[in-house]
Amino acid sequence: MAQFRMNGSKMLAVDIGGETIRALNGSMVAYEGQMAFKRQGMTGGEGLRGALKRRIAGEGMTLMEITGQGTVYLASEATEVTLVQLTGDTLFVESESLLALDGNLSTGVQFVGLRGMGTGQGLATTKVEGHGTVAVLSQGPAIALEVTPQTPLCVDPHAYVCHHGQLQQDVVTDVNWRTVIGQGSGESVQFRYQGHGLVYVQPAERGGILEI
């Protein structure tokens, strides 16, 4: 299996010994050894059905396959990189936050309805399943917050990066007279997670504050 390791906080190094990994198209900044790069077509490695689901849902993801012997270095616009280990579970991640993943991990589309409509990120998110490593991007160092049955967690949609574990996600709205007259907190919509798992958030908001 390819070995994922950090080279500083904003660059990922992957040691490849004949395996294949998938990475964000255009994220290669350097490599050592013999590497072959192949952009995945319209199916993105998920088949025609998966590509159609992404198109319908407005969820975009452009990946390339990297195969060879040596080390490849990956980065994207000097954003922070965090490694997430999957052991047969599923990671849900914003497609724009996905940098690279082991080639044996499978990807798909998870429809989320109101969640996507509320954030402006489309109607779906990307799910990654199997055993292996996923590298995710964040604006500033990503922070992993643990959720337990005793401690549910609410997250600003624009700070959300990804989550995994046995978690239930729903949308919480805070619409009251203070919000209506402009005296609310400015955080009118949140994601609420209940169960047991980890939610990764970034110390910056993408887009801006969401009001309803």
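What pLDDT does the protein chain average, and what share of the residues score at least 70?

This is a predicted model, in which local features need pLDDT of at least 70, side-chain atom pairs count only at pLDDT 80 or more, and totals for chains, interfaces and linings use all residues. Residues are numbered from 1 along each chain as its sequence is written, and side-chain values use heavy atoms, with hydrogens and water left out.

**Exercise 1. Assess the confidence of the model.**

Step 1. The average pLDDT (the predictor's confidence in each residue, from 0 to 100) of the protein chain is 81, and 73% of the residues score at least 70.

Step 2. Residues 52-59 have pLDDT below 50, although this stretch has 21 contacts in the model beyond near neighbours in sequence. Contact means heavy atoms within 4.5 Å.

Step 3. For residues 177-181 pLDDT stays under 50, with eight contacts beyond four places in sequence.

Step 4. Where pLDDT is low, the predicted coordinates should not be read in detail.

**Exercise 2. Describe the surroundings of Leu86.**

Step 1. Leu86 lies in strand E5, residues 80-93; strands are DSSP runs of at least two residues (E), numbered from the N terminus.

Step 2. Leu86 is buried at 3% relative accessibility, where buried means under 20% relative accessible area, exposed over 50%, and partly exposed in between (1.4 Å probe, protein chains only).

Step 3. Beyond four places in sequence, the contacts of Leu86 include Leu105, Val128, Val134 and His164.

Step 4. A separation of 6.1 Å lies between the C-alpha atoms of Leu86 and Thr133, which are 47 residues apart along the chain.

**Exercise 3. Classify Cys154 and Cys162 by accessibility.**

Step 1. Cys154 is partly exposed, at 45% relative accessibility.

Step 2. Cys162 has a relative accessible area of 0% and is therefore buried.

Methods
Helix = DSSP H or I, 4+ residues; strand = E, 2+ residues; numbered from the N terminus.
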